[in-house]
Amino acid sequence: MSQGEPGIELDTSLGYMLKAAASALHSALEAVLRPLGMTITHYACLELLAQRPGLSNSELARGAFVTRQSMNVLLQALERQGLVVRPARAPVGRTLPTELTARGRRQLTMASAAVRRVEQDMLANLDASEQDQMRRLLTACIASLTKPPAPATQLRNLRLCRVPAGSGSCSCRHPYPRRK
């Protein structure tokens, strides 16, 4: 914390710790996928297509956490490499369903083994019960952050106040917990 302003303790902040874990996982995945000529998004796309053949560009983008435009560029590259195929025309509507080729499945098999090793390394110090608990807790966190926003009627009652540094309440006299 700087200059007496309220902040968070990075050593105990779950959000910060999750970001650090995600960053470490990202680096480890990049390290094992790079020799295979793949990125994490490339791998995610192939894995999604193996599990759900025929996904559209938009569905793949959502599943790989990228924009539709980024996914479209990736799919074009994967098509040129012979890893996926898409019909020239949409069979229904405007959606071009994408499917893995045999070559794409072979590349995915190698990448999946490498990704599994990284996940095993990440979880090596946790027993099966702790791993299950971690999955449940992360699922609950995701659900809490992705639920629909509060109705407007509840938001009208919310007051936003400026709290002077070091004080226990705002000028409106709303109590705020003091830091220890």
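A nonpolar surface patch is a group of nonpolar side chains, such as Leu, Ile and Met, that are joined within 5 Å and belong to residues with over 30% relative accessible area and no salt bridge. In this predicted model, one such patch is made by Leu18, Met134, Leu138 and Ile142, and its area comes to about 350 Å². Helix H6, which runs through residues 128-146, gives the most to the patch, with three residues. Met134 is found in this helix. With a relative accessibility of 38%, Met134 counts as partly exposed, because that label covers values between 20% and 50%.

Now for the inside. In soluble globular proteins, nonpolar side chains tend to be buried together. Here, the largest nonpolar core has 24 residues, and the ones that touch the most other members are Cys45, Leu60, Met71 and Leu78. Helices H1 (14-33), H2, H3, H4 and H5 (102-122) each supply at least two residues of this core. The largest share comes from H2, which puts in six residues.

Helix H3 (residues 57-64) is a handy place to look at how burial plays out along a helix. Its buried residues include Asn57, Leu60, Ala61 and Ala64. They cover an arc of only 100 degrees around the axis, so they sit on the same side of H3. The spacing fits a general rule: an α-helix has 3.6 residues a turn, so residues three or four places apart point the same way. As for what lies over these buried residues, the cover includes helix H2 (40-51) and helix H4 (68-80). Just after H3, the backbone does something worth noting, as Phe65 takes a positive phi of about 60 degrees.

Leu60 deserves a second look, being buried in H3 and also one of the core residues that touch the most other members. Once its neighbours within four places in sequence are set aside, Leu60 is in contact with Cys45, Leu48, Leu49, Leu55, Met71, Leu75 and Thr98. Two of these partners, Cys45 and Met71, are named with Leu60 among the core residues touching the most other members.

Over in helix H5 there is Gln107. Gln107 has a relative accessible area of 12%, so it is buried, given that the cut-off is under 20%. Not counting residues up to four places away in sequence, Gln107 touches Leu36, Met38, His42, Leu46 and Leu83. Gly37 is 70 residues away from Gln107 along the chain, yet their C-alpha atoms are separated by 9.5 Å.

Definitions and conventions. Residues numbered from 1 in each chain as written. Predicted model: local features only at pLDDT ≥ 70, side-chain atom pairs only at ≥ 80, totals over all residues. Heavy atoms only, no water. Buried < 20%, exposed > 50% of the residue type's maximum accessible area, 1.4 Å probe, protein only. Helix = DSSP H or I, 4+ residues; strand = E, 2+ residues; numbered from the N terminus. Arc of directions from axis to C-beta. Contact = heavy atoms within 4.5 Å. Core = buried A, V, L, I, M, F, W, Y, C linked by side-chain atoms within 4.5 Å. Patch = residues over 30% accessible without salt bridge, like charges linked within 9 Å, V, L, I, M, F, W, Y side chains within 5 Å. Areas by Shrake-Rupley, 256 points an atom, 1.4 Å probe, with all protein chains shown as cover. Salt bridge = Lys/Arg side-chain N within 4 Å of Asp/Glu carboxyl O.
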